[in-house]
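Work through the exercises below with the sequence and the model side by side. Try each task before you read its solution.

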Amino acid sequence: MHFSEEINVKKILVSRAIFPDVLERLTRYFEVESNQEDRIFTSAELAAKLADKDGVFIAGDRINEAVLAAAPRLRVAANMAVGYNNFDMEAFNRANVLGTNTPDVLNETTADLGWALMMAAARRMSEGERLLRAGKWDRWSYDMLTGSDVYGSTLGVIGMGRIGQAVARRARGFGMRVVYHNRSRVAAEIERELNAEYLSKPALLAEADHVVLVLPYTAESHHTIGAAELALMKRTATITNIARGGIVDDAALIEALRTRQIGAAGLDVFEGEPKLNPGFLDLPNVVLTPHIGSATEATRRAMANLAADNLIAGLGEGPQAGHPPTPINPDVMARWSR
Ligand code: 8YV
């Protein structure tokens, strides 16, 4: 019998290019439509492709009410990301579709990039490299590219979840004071371990030398940092965003960097990415990376395999059948008729 004619073989879409061995794992359980050419689907194309699918492996593409309405068989959408602002979870719950994400496996890798951006912004590394590449370095001088210290300064973490804690933990080796702001205070033992002090957002912005943003993007966190917040910061301070575009008002940040309201910024995420506000390109005091927070080979593999584990188990296959490891809305599974 031809594979696709077997009864009960579920169909999935892998919406973006992915490690070939992970794709191969999925083909052991499912009839797979893949996209190894890595074309970016429009919302209408994605909806059309999901019309006959039971599951989807996705990396950042938006799944909303309209897409779900076009996908009557869909049960599991496995996001290869910890952030799932691309999923309309209320629509998922109404449609009894399980969403899954990839927490934890990227904590340390993403925290590393946060530190890299913070240090590069504080120590003006991109400016220095541009100077060298332009052949414009002709002498040492006492005030050339003087930046702000990281060692012994105050780190302000906004969003003290798993990645925020990994960022804060690294501060010990740099002799830093750690202050944080979060929707709610973290457990006392975590505060003790990190030697982290809870502050209101305005107090944190006024006291921190280096602010790192690590909060999820929601309607409430939209423009957490805008003109009013930037005005509270020290003129020498840096701000680093490794979370999501939209948490910072990019136009306001460009203005604050241009007028030296703050010292510098390190940005991995942007409003409207992969496009970015061209205003950033003219500024010397911003370090820019193209959303590579989780981009190490090992971590991307761990994320891809975790997303695959979720899809396989969520669709009732494999050794963890019925028990996807990292579901976002596990309650919907009880509503599935078997
Ligand atoms: C993903 C991310 O690579 O996990 C996240 O939330 O931002 C990145 O690690 C990206 O979102 C693509 O899915």
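A residue is called buried when its relative accessible area is under 20%, exposed when the value is over 50%, and partly exposed in between, with a 1.4 Å probe and protein chains only. Helices (H or I, at least four residues) and strands (E, at least two) are DSSP runs, numbered from the N terminus. The model is predicted, so local features need pLDDT of at least 70 and side-chain atom pairs count only at pLDDT 80 or more, while totals for chains, interfaces and linings use all residues. Residues are numbered from 1 along each chain as its sequence is written, and side-chain values use heavy atoms, with hydrogens and water left out.

**Exercise 1. Find which residues of H7 are buried, and what covers them.**

Step one is to list the buried residues of the helix, which are Ile-163, Gly-164, Gln-165, Ala-166, Val-167 and Ala-168. Step two is to set this list against the whole helix: six of the eight residues of H7 are buried, so the helix is largely enclosed by the rest of the structure. Step three is to look for the cover, which includes H5, E6, E7, helix H8 (188–194) and strand E9 (210–213). For one residue in detail, take Val-167, where contact means heavy atoms within 4.5 Å. Leaving out residues up to four places away in sequence, Val-167 touches Ala-111, Trp-115, Leu-155, Val-157, Val-212, Val-214 and Ile-242.

**Exercise 2. Describe the largest nonpolar core and say where it lies with respect to the two domains.**

A nonpolar core is a set of buried Ala, Val, Leu, Ile, Met, Phe, Trp, Tyr and Cys residues joined through side-chain atoms within 4.5 Å. The largest such core has 52 residues, and those that touch the most other members are Ile-18, Leu-26, Phe-57, Leu-155 and Val-167. Among the elements that each supply at least two residues of this core are strand E1 (11–14), helix H1 (20–27), strand E6 (154–158) and helix H12 (297–314). Helix H5 gives the most, with eight residues. Domain 1 (5–105 + 297–335) and domain 2 (107–288) both contribute residues, so this core lies between them. The domain bounds come from an automatic or database domain assignment. The centres of the two domains, taken over C-alpha atoms, are 33 Å apart, and the contact takes seven residues from domain 1 and six residues from domain 2.

**Exercise 3. Is His-181 buried or exposed, and which residues is it in contact with?**

First locate His-181, which is found in strand E7. Its relative accessibility is 18%, and His-181 therefore counts as buried. Once neighbours within four places in sequence are set aside, the contacts of His-181 are Val-157, Ile-158, Gly-159, Met-160, Tyr-198, Leu-199, Ser-200, Lys-201 and Leu-204.

**Exercise 4. Give the volume of the largest cavity and name the residues that line it.**

On a 1 Å grid over the protein atoms alone, a cavity is a set of points where a 1.4 Å probe fits but cannot get out, and lining residues have an atom within 4 Å of a point. Grid points are joined across faces, edges and corners, and a volume is the space filled by probe spheres set on the points. The structure holds one cavity of 30 Å³ or more, and the volume of the largest cavity is about 40 Å³. Its lining consists of Ala-120, Ala-121, Arg-124, Ser-126, Glu-127, Ala-264, Pro-284, Asn-285, Val-286 and Val-287. The elements that give two or more residues to this lining are H5, helix H6 (125–133) and strand E12 (286–288).

**Exercise 5. Which backbone angles have been noted at Asp-38, at Leu-145 and at the bond between Glu-273 and Pro-274?**

Begin with the background: most residues other than glycine have a negative phi, and most peptide bonds are trans. Asp-38, in the loop between strand E2 (31–33) and helix H2 (43–49), has a positive phi near 60°. Leu-145 lies in the loop between H6 and E6 and has a positive phi of about 55°, although it is not a glycine. Asp-38 is partly exposed at 31% relative accessibility, and Leu-145 is partly exposed at 24%. Finally, the peptide bond that joins Glu-273 and Pro-274 is cis, with omega about 15°; Pro-274 is found in the loop between strand E11 (264–267) and E12.

Notes: 1 Å grid on protein atoms, 1.4 Å probe; cavity = no way out; pocket = protein on both sides within 12 Å on 5 of 7 lines; lining within 4 Å.
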